[in-house]
Structure formats: C-alpha cells, structure tokens
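Biologist: I have a model on my screen and would like to learn how to read it. Could you walk me through it?

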Amino acid sequence: MLEDFKITTPLVKLASFGENDAYIKLEGSNLYGSAKDRAAIYVLTKLLDEGTISRDTEIVESSSGNMGVALAAVGARLGLKITLMIDQSISGLNEFLIRSFGANTVKITQADENGSYLKARLQTVREYLDSHENVYWFNQYGNPLVIEAYRETVGREIAEQVPDADYVFVAISSGGTIAGISQAVEKYGSGIKVVAVDLEGSKIFDPNTKAIKHLTGIGSSIRSDNVQRAVFDDHIVIDEPSSIQALGDMLRDEQLFLGGSSGCVVAGAKRYVREHGLQGKKLVLVSHDRGDRYYNNLYSKYFS
Ligand SMILES: Cc1ncc(COP(=O)(O)O)c(C=O)c1O
C-alpha cells in the first residue's frame with residue numbers, strides 16, 4: 001500500500017563548508033513537500049495493516065503546517081477521514097492544500113501568552129476525542145510510532161547513504177525527526193553524533209525565554225514526550241537573523257531554495273563547526289522542506 005510514495009530523498013554536497021565535507025538531505029523532495037510525508041505514510045499504513053484503525057476511523061491531529069498537508073494528502077489516498085486542528089497563523093498555501101486534499105479543519109483563533117496556538121490546538125484535540133467515537137489521534141508530539149517512522153525512513157537512509165558521517169544536524173520541534181534519526185544511528189551502527197538545532201524563542205532548551213520566534217516549523221512552546229524520548233549528543237540554539245541570512249547564502253552560493261527551519265540548521269551547523277574547531281569532518285544537515293511554502297511570508301520580505 002502506497003509503495004510508490006516511499007522514495008529515497010537526495011543527499012547533495014555543499015560547497016560552502018570549507019575544511020569540512022558537508023551534505024544536505026533534502027526532505028523537501030518528498031511527494032507532498034516535507035519530511036512529514038515520512039511519518040504520515042509510515043504510521044497510517046502500519047495502523048491499517050495491523051488493524052489498529054479501519055477505513056471508518058477518523059484521524060485527528062493538531063497542525064498548521066507540513067504535518068497537516070502530509071496527513072491530508074496521504075489520508076485521502078488511503079480513503080481515511082482526516083480532521084486537523086489548525087490556527088489562524090496558517091499560511092494561505094497550507095490552508096489551500098489541506099482543504100483541497102479534502103481534510104476537515106477546526107480553526108483556533110486564540111493565542112497563548114507567547115503568541116503560540118499550540119496549547120489551544122492540543123486542548124481542542126482532547127475535547128474532540130472526548131466527544132467523538134472511533135477517532136485516532138495521530139499525535140506527532142507523543143506517538144512513539146512517529147519516532148519509529150523517522151528511524152526506518154530518513155534515519156535509515158542517512159545511516160546507509162553516509163555511514164562514515166561524523167555529525168548530523170537536525171531541527172527540533174515536536175522531536176520525532178531527531179528521536180528517529182538518533183535511534184537509526186544507534187540501530188544501524190554508524191556512530192554519527194546527532195546535534196539538535198533550535199531557534200531562539202523556543203522553550204525546548206530554555207523554558208523561561210521571553211523571546212518571540214517568527215520562523216515556523218522549528219522550536220516549540222512545550223517540551224513534548226517525543227522530545228523527551230530523543231537521545232542526542234548536543235544542541236545549539238540559533239537566532240532568527242542568522243537563520244534568515246543562511247537562507248540567502250544557500251540561495252546564492254548553493255542554488256538551494258530551502259524552508260525556514262533549514263536556514264536555522266545551516267546557521268547552526270556553521271556555528272557549531274566554528275565553535276568546536278571542527279576540521280576534516282563529514283557533516284550531514286537535514287533540511288525538512290523547500291522554500292516554496294515560505295515565499296510569501298519570508299523570501300519576498302527579505303530577499304526581493
Ligand atoms: C519545516 C520543519 N522543520 C522542522 C520540523 C521539526 O521536526 P519535528 O517536529 O519532528 O521535531 C518541522 C516539524 O513540524 C517542520 O515542519
């Protein structure tokens with residue numbers, strides 16, 4: 001089921017890392033544009049194959065971004081009803097895709113004190129579960145199957161494509177991607193060090209921060225269960241201007257049009273290399289998505 005959708009994403013060599021041998025894993029090359037395809041395809045097909053859900057089960061999730069788009073598309077292909085708790089910060093493009101793929105949406109309009117809608121979206125999911133029958137919460141923040149999905153897909157690919165890598169840099173938000181990649185490194189025995197990259201304003205490594213972040217997809221106002229399950233070697237927190245500058249560098253120097261969180265990962269990897277005096281190392285940077293979905297609210301603002 002959905003075998004044609006399971007693709008290996010490209011690993012492209014970067015020219016701008018000086019003494020180090022750097023590669024970027026382009027998860028934006030997945031069919032619906034992001035790493036989240038991996039989780040949607042793997043988890044939904046597994047749940048159906050095992051009989052945990054049936055075609056009559058409704059899948060709910062909180063997402064205003066890539067996971068919403070991936071679940072809407074993959075769910076439709078599998079004949080499943082998908083309901084997404086989105087919020088009013090959603091981009092016009094994501095809302096268009098989610099609705100066009102046929103998912104139902106519940107839109108939250110009240111942000112919390114940090115300008116985040118996450119807690120309100122999760123509360124709405126809980127109320128929905130209490131008041132509806134035969135509903136499965138996908139739960140990218142806490143479902144161990146999501147970690148397994150990233151371990152067996154992108155994580156395994158990295159371990160196989162670059163078994164001799166020294167470091168892999170991964171953006172962190174709900175934590176599934178980094179937890180899965182860390183498990184793959186452990187399971188497939190490549191001994192790569194895993195470094196989490198977060199954005200200033202995120203509460204994952206600094207619960208008391210008062211900074212407001214604007215880039216989406218990376219960072220979080222909560223430290224989710226899947227973040228707590230993630231075992232990684234180190235982390236680095238990057239400011240927004242450095243992340244945006246890195247996006248411009250990638251456009252100009254590498255002809256890569258990357259999503260916002262990838263700018264943070266590129267800036268994070270460069271700073272990490274500098275601060276730790278790394279030379280002659282093999283690095284892998286994970287890019288979660290492409291720049292297309294950020295053209296209107298990011299690229300056109302800073303780079304036109
Ligand atoms: C663009 C982007 N980058 C990074 C991440 C972080 O991935 P994870 O939630 O698995 O930690 C996400 C997750 O939503 C994302 O959409």
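Modeller: We will go from the overall fold to the ligand. Keep in mind that this is a predicted model.

Biologist: Which secondary structure elements does the protein have, and how many?

Modeller: There are ten helices and ten strands. The radius of gyration is 18 Å, close to the 19 Å that the globule rule gives for 304 residues, so the protein is as compact as a globular protein of that length. Its C-alpha trace spans about 55 × 40 × 35 Å along the principal axes.

Biologist: Now the ligand. Which pocket does the ligand take up?

Modeller: The ligand fills the space of the largest pocket. Around the ligand are 14 residues, and the closest are Ser173, Ser174, Gly175, Thr177 and Ser261.

Biologist: How many residues of that shell are nonpolar, polar or charged?

Modeller: Sort the shell by class and you get nine polar residues, three nonpolar and two charged.

Biologist: And which atoms make polar contacts with the ligand?

Modeller: For a polar contact, look for a pair of N or O atoms within 3.5 Å. Here the side chain of asparagine 66 has an N or O atom 3.0 Å from a ligand oxygen. The backbone takes part too: a polar backbone atom of serine 173 is 2.8 Å from an oxygen of the ligand, and a backbone N or O atom of glycine 175 also lies 2.8 Å from a ligand oxygen.

Biologist: How much of the ligand's accessible area does the protein cover?

Modeller: On its own the ligand has 380 Å² of accessible area, and the protein covers 94% of that.

Technical notes: Residues numbered from 1 in each chain as written. Predicted model: local features only at pLDDT ≥ 70, side-chain atom pairs only at ≥ 80, totals over all residues. Heavy atoms only, no water. Near = heavy atom within 4 Å. Polar contact = N/O pair within 3.5 Å; in protein donor to acceptor, adjacent residues only side chain to side chain. Areas by Shrake-Rupley, 256 points an atom, 1.4 Å probe, with all protein chains shown as cover. 1 Å grid on protein atoms, 1.4 Å probe; cavity = no way out; pocket = protein on both sides within 12 Å on 5 of 7 lines; lining within 4 Å. Sits in = over half its atoms within 2 Å of the grid points. Nonpolar A, V, L, I, M, F, W, Y, C, P; charged D, E, K, R; others polar. Helix = DSSP H or I, 4+ residues; strand = E, 2+ residues; numbered from the N terminus. Rg over C-alpha atoms; globule rule 2.2 N^0.38 Å.
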